Amino acid sequence: MSKIDKNQSRTRQRHAASPRGLLRDKSQKLVVIVGPTASGKSAIAIKLAQKFNGVIVSADSRQVYRGMDIGTAKPSKKELKYTNHHLIDIKNPDQEYSVAEFKKDAIAEINKIFKAGKLPILIGGTGLYVDAVVKNLDIPEVKENKKLRARLEKEIKTKGLDFVFKKLVEIDPEAAYIVDPKNPRRIIRALEVALITGKPFTAQRKTGKPLFDALQIGIRQSPEVLKKRIEKRTEQMVRDGLVLEVKKLIKKYGAKQKAFDAIGYREVIDYLNSKITLAEAISFINKNTWHYARRQMTWFKKNKEIRWIHGEAQAIKIVQKFIYQEG
RNA sequence: GGGGGUGUACUCAAGCAGUCAACGAGGGCAGACUGUAAAUCUGCUGGCCUUGUGCCUACGUAGGUGCAAAUCCUACCGCCCCCA
């Protein structure tokens, strides 16, 4: 059965099992806002939350960390006070977090919001996190195994990436054309899942049935405008004390945390270590943020369910229609 | 004035007669992605098209020597250093 056939039959089954009205339970409506960094997602989400009795759930892999405020462009204290945000400031930078954890946390938060009779608004730039919830990705239940990863990394060093990739293909032939043969991180994870479960990695990463009736809105911005917004934002971050924020964080946690492998943080760390000047750090931040925005766009572009909009007014209109429609 | 060096694609930078439309890096553009995802990884990057062991234009400028030049010679132009 081809991929397309499978999808079609899944859709048919869903409709058969859920007659009109039952499927689109009004209380299961989820608004999703995606878009590249610095596109203005946050402002629109806050506006929507105020207008439609909504509560915001953040899908941002770095805003989960306490103390990483300026560099991650977290909503201001004031904004956080007036509009409820969830999944922000839930971990310390020396703690690890992952898609799987995020998926569980986000679903729990969303269900709480439904119970409270409010509208959940999932907003995020971390495409994988958003999809985990919206598309209900079945993430293999295999936690990071540090020993195994270290062993495989060593093996890559001594015997080569090719060797380790072949090892993966041996126990999981389908991985040959799904896992990137040149990406060590992806190969290691695939092997990790396969070795620990004894089942192929490729057989375990499936998409489940949608959990929510989601309206996905994408914020589009021209490259020129986005670049300018990024530059302006970086400037503001530095003025707001980004350097001091990073200084405090590395004093408390050390500079080697995975959480600090983030734009704005690594550049400032390099600056603090006198590897580059502040001016260089700023221009690297701008450039890397732009690269990141582009990666986000290539992720979101693939998602044909996203309704692309240009401004707040359009967002309000679409959400209004979505909320009051029967389905 | 004398001596030495240098000029290569958007930038830096290798090449110093054929295997060069030119290593590498950066930048630019496009893409991948299911427990690190702001991470990690990939491809393209002179022009043209009939996308090919294809054609054209290119290594400061103008000539020259060679079957063959980014590579050698001459002149000129620009930049740099040293001695006066």
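## A tour from D89 to the RNA surface

Select D89 to begin: this residue is partly exposed, because 17 other C-beta atoms lie within 10 Å, a count between the 12 or fewer of an exposed residue and the 20 or more of a buried one. The model on screen is predicted. D89 sits in the loop between β3 (85-86) and α4. Its phi is positive, about 60°, although D89 is not a glycine.

**A second positive phi**

Next, select N53, found in the loop between α2 (41-52) and β2. Phi of N53 is near 55°, again a positive value in a residue other than glycine. Is N53 buried or exposed? N53 counts as exposed, since it has 12 C-beta neighbours inside 10 Å.

**The whole chain**

Now display all of chain A, which holds 13 helices and 8 strands. Its radius of gyration is 21 Å, close to the 20 Å that the globule rule gives for 327 residues, so chain A is as compact as a globular protein of that length. Viewed along the principal axes, its C-alpha atoms fill a box of roughly 60 × 55 × 35 Å. Of the 327 residues in chain A, 32% are buried. Contacts between residues at least 6 apart in sequence may also be drawn: 76% of them join residues at least 24 apart.

**Colouring by domain**

Colour the chain in three parts. Domain 1 is assembled from 26-138, 210-221 and 304-324, domain 2 covers 146-197, and domain 3 covers 224-293. How many Å separate the centres of domain 2 and domain 3? Taken over C-alpha atoms, the separation of these centres is 33 Å.

**Strand β4 and P120**

Move to P120, in strand β4 (residues 119-124). P120 is buried, because 26 other C-beta atoms lie within 10 Å. Selecting its partners shows what P120 touches beyond four places in sequence: L30, G54, V55, V57, I110, I113 and F114. For contrast, draw a distance from P120 to K166: the two are 46 residues apart in sequence, and 44 Å lie between their C-alpha atoms.

**The loop with E144**

Select E144, in the loop between β5 and α6 (146-159). With 12 C-beta neighbours inside 10 Å, E144 is classed as exposed. A line drawn to K41, 103 residues away along the chain, spans 31 Å between C-alpha atoms.

**Helix α12**

Select residues 278-301, which form helix α12. Why should this helix span 34 Å? It has 24 residues at 1.5 Å a residue, and the expected span uses one less than the number of residues. The end C-alpha atoms of α12 are 34 Å apart, which agrees. Highlight A281, I282, I285, T289, A293, M297 and F300, the residues that are buried in α12. Then show what covers these buried residues, including β1 (29-34), α5 (127-134), β7 (213-219), α9 (223-239) and α11 (265-272).

**S61**

Turn next to S61, in the loop between β2 (54-59) and α3 (77-82). S61 is partly exposed, as 19 other C-beta atoms lie within 10 Å. Apart from neighbours within four places in sequence, S61 is in contact with T126 and Y129. The C-alpha atoms of S61 and Y129 are 7.8 Å apart, while 68 residues separate the two along the chain.

**The surface near RNA strand B**

S61 leads to the last stop. Display RNA strand B and select the 47 residues that surround it; the closest are S61, R62, T72, A100 and A262. Colour this surface by residue class: 15 of its residues are nonpolar, 11 polar and 21 charged. Elements that each supply at least two residues are α4 (99-115), β5 (137-138), α8 (184-197), β6 (206-207) and α12. Which element gives the largest share of the surface near RNA strand B? Helix α12 does, with 8 residues.

Technical notes:
Residues are numbered from 1 along each chain as its sequence is written. Chains are lettered from A and ligands numbered from 1 in the order in which they are written. This is a predicted model: local features need pLDDT of at least 70, side-chain atom pairs count only at pLDDT 80 or more; totals for chains, interfaces and linings use all residues. Helices (H or I, at least four residues) and strands (E, at least two) are DSSP runs, numbered from the N terminus. Two residues are in contact if their C-beta atoms, placed from the backbone, lie within 7 Å. Domain bounds come from an automatic or database domain assignment. The radius of gyration is taken over C-alpha atoms; the globule rule is 2.2 Å times the number of residues to the power 0.38. A residue is near a molecule or strand if its C-beta atom, placed from the backbone, lies within 6 Å of it. Ala, Val, Leu, Ile, Met, Phe, Trp, Tyr, Cys and Pro count as nonpolar, Asp, Glu, Lys and Arg as charged, and the others, Gly among them, as polar.
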